[in-house]
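Here's a quick tour of how one strand sits among its neighbours, and of what packs around it. Have the viewer open and follow along.

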Amino acid sequence: MLYLASQSPRRRELLGRLGLDFGLIDLDVPEQRQPGEPALEYVRRVAREKAGAGLLKVVANPSALVLGADTEVVLDDEVFGKPRDASDAAAMLARLSGRTHQVISAVSVVSPSREAQAVSISEVSFAALDARAIERYLASGESMGKAGGYAIQGGAELFVSRLAGSYSGVMGLPLFETAQLLRQFGLDV
């Protein structure tokens, strides 16, 4: 049985696109970057921790397969997590304005006997944003709960002048890499 260890409605939607039945594990894993931890290793570690914490919740099921994922926006080696408030989101968007940043998505799949991981790194270029564009976007409410303060599948799509990589990865679950991982565990994707 496949389980998704995530509270994200976007990840649920994306995993559903693969046509697999899956259960949900609601958990809250702390997302705290360690001092000196490279951004890529941080994202990989959090995805592993989510999958591992999820497996502990269903360990009684020997056929359990748990998927955990993490997605972060990175600019100049700074990880832009979820904004604390609208002011924090505005500051993130202002820093991303007119620049190219990375979106790193890591996916970990674990079973009682093995684990595997894949990473997707996308480059996202934003057009220059004026204060009014940022203000309008913040008023939509989309920025809260999203890494970097934006949702590419929403109004922030207008900010993206170039994307090199995985659109679904920027949303929160890179489907190509996820399907490859699940096939390694015998699922027919």
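Strands β3 (residues 65-75) and β4 (residues 78-80) pair in the antiparallel sense over three bridges. Pairing here takes at least two DSSP bridges between two strands, and the elements themselves are DSSP runs numbered from the N terminus: H or I of at least four residues for helices, E of at least two for strands. The two strands make a hairpin with two residues between them, and Asp76 in that turn has a positive phi of about 55 degrees.

Before going on: this is a predicted model, where local features need pLDDT of at least 70 and side-chain atom pairs count only at pLDDT 80 or more, while totals for chains, interfaces and linings use all residues. Residues are numbered from 1 along each chain as its sequence is written, and side-chain values use heavy atoms, leaving out hydrogens and water.

β3 has other partners too, and here is how the pairings line up:

| Partner of β3 | Sense | Bridges | Example pair |
|---|---|---|---|
| β1 (2-5) | parallel | three bridges | Leu4 with Leu67 |
| β4 (78-80) | antiparallel | three bridges | Val74 with Val79 |
| β5 (100-110) | antiparallel | nine bridges | Asp70 with Ala106 |

How many residues of β3 are buried? Eleven of the eleven are, so the strand is largely enclosed by the rest of the structure. Buried means under 20% relative accessible area with a 1.4 Å probe, protein chains only (exposed is over 50%, partly exposed in between). Both faces are covered: one side includes Leu65, Leu67 and Ala69, and the other includes Val66, Gly68 and Asp70.

β3 also helps cover the buried residues of helix α1, along with β1, α2 (39-57), α5 (167-171) and α6 (175-184). In α1 (residues 9-16), those buried residues are Arg10, Arg11, Leu14 and Leu15. They sit on the same side of α1, because they span an arc of only 125 degrees around the axis, taken from the directions from the helix axis to the C-beta atoms.

Then there's the largest nonpolar core, with 39 residues; Leu15 and Leu67 are among the members that touch the most others. A core is a set of buried Ala, Val, Leu, Ile, Met, Phe, Trp, Tyr and Cys residues joined through side-chain atoms within 4.5 Å. β3 gives the most to this core, with five residues. A second, separate core of eleven residues includes Tyr3, Ala5, Ala64 and Val110.

Key. Contact means heavy atoms within 4.5 Å.
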